[in-house]
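Visitor: I would like a close look at one part, the packing in the interior. Please start there and work outwards.

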Amino acid sequence: MRHGGGGRGMGLGPHAAHKGRFDKQQGEEPPRLRLTDRRMLRWFAENLGPRWPILLVAVVAMVVNAWADLYPNVLVKSLVDDVFVNRQMERLGPIMLLMVGCFLAAAVFQALRMNLMHVLGQRFVYEMRVDTYRHLQKLSLNFFHRNKTGDLMSRLSNDVNAVEDMVVHGTDNVISDALRVLYTVGVIFLMSWKLALLALIPLPVFVTAIIVFSRVVRPIYERIRAELGEINAQLEERIAGIMVIKAFAREKYEFENFDSASKAYYDASVKGIRLWSTFFPALGFITSTGMILVMWVGGSMIGAGREQVTAGTIMAFIGFLQQFYWRVGGLIRVYDTYNRALAALARIFQVLDEVPEIADKPDAKVLETCEGRVELEHVTFKYATGDIVLKDVSVVAEPGETVALVGRSGAGKTSLINLIPRFYDPLEGVVRVDGHDVRELTQASLRQHIAMVLQETFLFNGTVKENVRYGRLDATDEEIEAACKAAYADEFIQDLPDKYDTEIGERGVKLSGGQKQRLAIARALLADPRILILDEATSLVDTEAEQIIQAALENLMRGRTTFVIAHRLSTVRNADKIVVIDEGEVKEEADHETLMQRQGLYAGMIERQFRLAEEELGITGGGMMGGGR
């Protein structure tokens with residue numbers, strides 16, 4: 001639960017993107033698109049601006065590359081008029097040398113500008129991806145409860161890749177193609193302004209068509225991104241739940257669901273394909289009419305002999321116009337990429353515009369040392385959507401004490417312990433650690449003194465050693481092994497194929513429930529926290545495994561302030577303090593013997609559990625209570 005801070009920072013988060021932020025009202029989804037081209041261009045400028053020296057060199061390379069690429073068309077005019085028509089053969093050698101020089105310069109400077117722009121673009125995309133991930137880590141748990149994991153993954157992969165196409169390839173093409181277009185326009189006007197005007201007649205139609213096309217295609221690309229995100233969300237969830245799918249034989253049902261989502265993505269993609277595959281060829285035909293007009297009218301001028309237009313001029317014009325329309329076509333293709341990127345960037349900005357509900361104050365203190373005193377004073381709490389789950393709750397745990405939280409499912413026990421590491425903030429009241437309001441402390445320093453062993457153990461896809469070391473990243477192999485021995489995990493680790501270097505699979509799929517739980521305990525032992533939270537740590541394992549895990553937990557709890565939520569009440573009877581929570585309120589609080597003497601809620605719960613145990617074992621007549629113990 002520890003988040004890294006600092007780092008490069010591209011100004012991607014809310015602090016840099018507050019203008020144009022999505023307006024969100026409580027309980028409403030943010031609008032899918034409140035993003036303007038101006039905001040994206042400003043974002044590009046802010047993040048590419050500091051790299052202006054590289055950009056300057058790249059632009060100079062583009063200018064030279066564009067000139068060297070187009071100047072041979074001017075040489076073609078001299079070649080046709082002077083050498084081919086007027087037989088000035090002495091000019092052939094110099095013209096050929098100039099052409100070779102132009103081609104060589106074009107190749108050298110093209111390589112330079114491509115290297116600079118593409119490396120810069122990749123760096124830009126890399127920083128965008130990691131900064132988006134850094135911002136995700138800062139967001140509160142409520143955000144992840146509201147959003148599908150697969151969709152968030154899609155934003156960091158597919159959507160970033162779409163922006164990458166624009167940054168890495170699009171920016172380079174836009175600048176280089178625009179330079180060639182401007183250079184071509186200037187030269188053809190110098191050669192013959194009348195023919196140049198004819199060549200540019202289709203441009204107003206071209207510009208109008210682009211504007212109309214962008215307004216039509218943008219919503220389609222937004223829908224494509226959203227449908228792809230839904231596919232990823234379904235994939236992530238269904239693959240994680242494959243055992244449930246197979247257990248209920250729901251393969252056909254899930255296939256139909258996935259097929260439906262894929263069909264929606266297919267339909268949106270086909271709509272976009274049909275639009276641009278019709279639009280671009282039609283636009284290409286319209287713009288190519290300029291070349292036809294130049295050849296037609298230019299040929300007539302040569303035939304009439306009224307204008308200073310030569311065969312070389314027409315040949316040069318054709319060469320320039322071929323380059324011109326090719327580059328204009330390139331700008332069209334980049335514009336399509338731009339629209340895709342803008343739709344993807346809108347989804348990325350939706351994440352970056354999220355403000356963490358739980359955030360450190362600017363003057364938050366660092367909790368350097370911790371004795372382990374925890375106090376919840378008159379705490380009232382509710383989740384973003386739903387009823388109040390804790391009502392005026394007060395609980396105190398002295399350093400080294402074990403506090404057990406008991407009550408029926410949904411009573412508010414887990415909600416209470418989630419307030420201690422400040423996963424959530426209470427509506428009313430205060431949570432203190434060593435006398436400090438947790439809202440006044442940095443989250444990272446607070447959580448460094450807290451470890452959690454939960455009902456559902458989460459292990460990463462890696463080795464045993466890597467998963468245990470997650471508790472303290474600088475731990476030595478000897479310290480890891482010592483923690484595993486204290487957690488009674490070393491005995492099964494030694495039987496694994498590669499012992500501590502054994503790959504355990506995604507979520508520890510290669511291990512049993514008890515083995516995973518013992519690794520979680522070893523991880524917590526290695527972290528050496530002052531405050532320990534155990535949430536149903538033995539509820540999903542069998543009796544034999546529970547006995548081993550209970551022994552491991554006793555090692556873990558020794559000398560630490562511990563909050564325990566346990567399904568089996570027999571495991572909490574030795575707690576220093578037992579807090580009975582019912583319907584979000586503290587109903588009883590004392591040690592086991594005192595609560596049994598009161599014959600209240602706790603005693604009733606104990607009685608019911610022993611009665612159920614007797615029935616399961618076929619024992620009648622009681623006698624298992626052992627005098628209330």
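Guide: What follows goes from the nonpolar cores to the helix pairs and then to two loops.

This is a predicted model: local features need pLDDT of at least 70, side-chain atom pairs count only at pLDDT 80 or more, and totals for chains, interfaces and linings use all residues. Numbering starts from 1 along each chain as its sequence is written, and side-chain values use heavy atoms, with hydrogens and water left out.

First, the setting. The protein has 19 helices and 10 strands; these are DSSP runs, with helices being H or I of at least four residues and strands E of at least two, numbered from the N terminus. Of its 629 residues, 47% count as buried. Buried means under 20% relative accessible area, exposed over 50%, and partly exposed in between, with a 1.4 Å probe and protein chains only. Among contacts (heavy atoms within 4.5 Å) with a separation of 6 or more, 77% join residues 24 or more positions apart.

Now the core. The largest nonpolar core holds 48 residues. Such a core is a set of buried Ala, Val, Leu, Ile, Met, Phe, Trp, Tyr and Cys residues joined through side-chain atoms within 4.5 Å. Leu519, Ile521, Leu556 and Tyr602 have the most contacts inside it. Helix H16 (residues 513-527) gives the most to this core, 7 residues. Take Leu556. Neighbours within four places in sequence aside, Leu556 touches Val453, Ile521, Ala524, Leu525, Leu532 and Leu534. Another core lies apart, with 35 residues, including Val187, Ile224, Phe320 and Val328. In soluble globular proteins, nonpolar side chains tend to be buried together.

Stay with H16. Its axis and that of helix H14 (residues 477-486) come within 8 Å and cross at roughly 125 degrees. Axes are lines fitted to C-alpha atoms, for helices over the stretch in contact, and angles run from 0 to 180 degrees between N-to-C directions. H14 and H16 are therefore oblique; under 35 degrees counts as roughly parallel, over 145 as roughly antiparallel, 65 to 115 as roughly perpendicular and the rest as oblique. Their crossing is right-handed. A crossing is left-handed if the near helix is turned anticlockwise from the far one by less than a right angle, right-handed if clockwise. From H14, Glu479, Ile480, Ala483, Cys484 and Ala486 meet Ala522, Leu525 and Leu526 of H16. By class, this contact has 7 nonpolar residues, no polar and 1 charged. Here Ala, Val, Leu, Ile, Met, Phe, Trp, Tyr, Cys and Pro count as nonpolar, Asp, Glu, Lys and Arg as charged, and the others, Gly among them, as polar.

Next, helix H3 (residues 92-138). H3 packs on helix H5 (residues 149-191) at about 155 degrees, axes 9 Å apart, so the two are roughly antiparallel. H3 passes H5 in a right-handed crossing. That contact has 14 nonpolar, 9 polar and 4 charged residues. Helix H2 (residues 52-85) packs on H3 at about 155 degrees, axes 8 Å apart, and this pair is also roughly antiparallel. H2 passes H3 in a left-handed crossing. Its contact has 29 nonpolar, 3 polar and 2 charged residues.

Last, the loops. Most residues other than glycine have a negative phi. Asp434 has a positive phi of about 55 degrees. Asp434 sits between strand S4 (428-433) and strand S5 (436-437), partly exposed at 22% relative accessible area. Glu583 also has a positive phi of about 55 degrees. Glu583 lies in the loop between strand S9 (577-582) and strand S10 (585-590), and counts as exposed at 55%.
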